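Please look at the following structure together with its sequence, and let the paragraphs below guide you from one part to the next.

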Amino acid sequence: MKILQSIILGIVQGLTEFLPVSSSGHLIVIKKLFGIDQEQFGLTYDIALHFATLIAVFIVFWPDILALLKKPIQKTTGLLIVATIPAALVGVFFDDYIESISQSGGFLGLAFIFTAFLLFFSQKAKQKAKNIDLMSYKDAAVIGLMQGVAVMPGISRSGSTTSAGLIMGVEKESSMRFAFLMSIPVIMGSAVLGVKDIITEPTAVEWAPVIAGMLAAGISGYFAVKFMLNFFKKRSLNLFAVYVGILGVLILIDQLFFKKFFTVFLM
């Protein structure tokens, strides 16, 4: 059963990390719906899933990454650094708070609704032909601020950063590519912080569920990235906005009235 649960969580992590619907939010929802203990898989498992999704991004964007490694001192590198700073600061100073609200899910309904409004609003922004090369550091800073906000469970990182790019006038494909590229240092940083915690507080690890979850997350993450890059060329994000909006309303109703799955609100 634990391996099956691990595979399910891995698939959810891989898909929702790159679809604009919030991976952290969906993991909380799945655990609540199926009664999975939040601590059942542990920190090692969480790091393994993030590492697997990181590999998926590396595979898809290897030409872009190789170009940055061959010529690290270039504008794109500077843009990525600027865009990474806000999320890094939030991760360092508010890690414990983010962990506590992740456990409770108290903000989840409102966070999903916020994601829906952001996705919908960004589709109304005036489209321009600004690609990554034409982005300014101000654009990168605004996109980075949204990535910092997206550490809140229920606020999609890929959705908020892509939306911010659109609002700043970056064309669709470049906005999404930059959003995926800037996820690399954040995912890596999250994994490093997690490894530090594991070293200071080592625990026994069941490797079968960890490996099963990694494979599920890596494979589903790869296909999610490829899907979004192709999907967004021809269509808007409104479909995802409707989905997370409905999900947010349902969670909010449960939080306020029924308390069947989510027993707290704004805590």
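A good place to begin is a pair of charged side chains, Lys130 and Asp139, which form a salt bridge in which the closest N and O atoms are 3.0 Å apart. Both partners of this pair, Lys130 as well as Asp139, are buried. The model is a predicted one, and the distances and areas discussed here should be read with that in mind. Side chains of opposite charge can pair when their charged atoms come close.

By the rule used here, the count of salt bridges comes to 4. One of them joins the side chains of Arg157 and Glu17, with a distance of 2.2 Å from N to O. This pair links distant parts of the chain, since Arg157 belongs to helix α9 and Glu17 to helix α1 (residues 2-18), with their positions 140 residues apart in the sequence. Arg157 counts as buried because its relative accessibility, 19%, falls under the 20% limit, and Glu17, at 5% relative accessibility, counts as buried too. A further salt bridge is formed by Arg177 and Asp64, whose closest N and O atoms are 2.9 Å apart. Here again distant parts of the chain are linked, with Arg177 in helix α10 (residues 172-200) and Asp64 in helix α4 (residues 62-70), 113 residues apart. In this pair Arg177 is partly exposed, with a relative accessible area of 22%, and Asp64 is likewise partly exposed, with a value of 24%.

The helix that holds Arg157 deserves a closer look. Helix α9 spans residues 157-167 and is mostly covered, with 10 of its 11 residues buried. Among the buried residues of α9 are Ser160, Thr161, Thr162 and Ala164. After α9 comes Gly169, which has a positive phi, near 95°.

From these details one can step back to the whole chain. It has 12 helices and 0 strands, so that the pattern read along the sequence is α-α-α-α-α-α-α-α-α-α-α-α. The C-alpha atoms fill a box of roughly 50 × 40 × 35 Å, taken along the principal axes. For a chain of 267 residues, a compact globule would have a radius of gyration near 18 Å, and the 18 Å found for this chain agrees with that. Of the 267 residues, 51% count as buried.

Leu247 in helix α12 offers an example of a buried residue. Its relative accessible area is 14%, and therefore Leu247 counts as buried, the limit being under 20%. Leu247 and Val12 are 235 residues apart in sequence, and their C-alpha atoms are 15 Å apart in space.

The surface, finally, carries patches of charge. Asp46, Asp95, Asp96 and Glu99 gather in a patch of negative charge, and the largest share of this patch, 3 residues, comes from helix α6 (residues 95-104). Asp95, which lies in helix α6, is partly exposed, with a relative accessible area of 39%. A patch of positive charge on the surface is made up of Lys226, Lys233, Lys234 and Arg235. Arg235 is found in the loop between α11 (207-234) and α12 (238-258), and Arg235 counts as exposed because its relative accessible area, 53%, is over 50%.

Methods: Residues are numbered from 1 along each chain as its sequence is written. This is a predicted model: local features need pLDDT of at least 70, side-chain atom pairs count only at pLDDT 80 or more; totals for chains, interfaces and linings use all residues. Side-chain values use heavy atoms; hydrogens and water are left out. Patches are made of residues with over 30% relative accessible area and no salt bridge: like charges are joined within 9 Å, nonpolar side chains (Val, Leu, Ile, Met, Phe, Trp, Tyr) within 5 Å. Accessible areas come from the Shrake-Rupley method with a 1.4 Å probe; for residues, only the protein chains shown count as cover. Lys and Arg count as positive and Asp and Glu as negative; His and the chain ends are not counted. The place of a charge is taken as NZ of Lys, CZ of Arg, CG of Asp or CD of Glu. Helices (H or I, at least four residues) and strands (E, at least two) are DSSP runs, numbered from the N terminus. Buried means under 20% relative accessible area, exposed over 50%, partly exposed in between (1.4 Å probe, protein chains only). The radius of gyration is taken over C-alpha atoms; the globule rule is 2.2 Å times the number of residues to the power 0.38.
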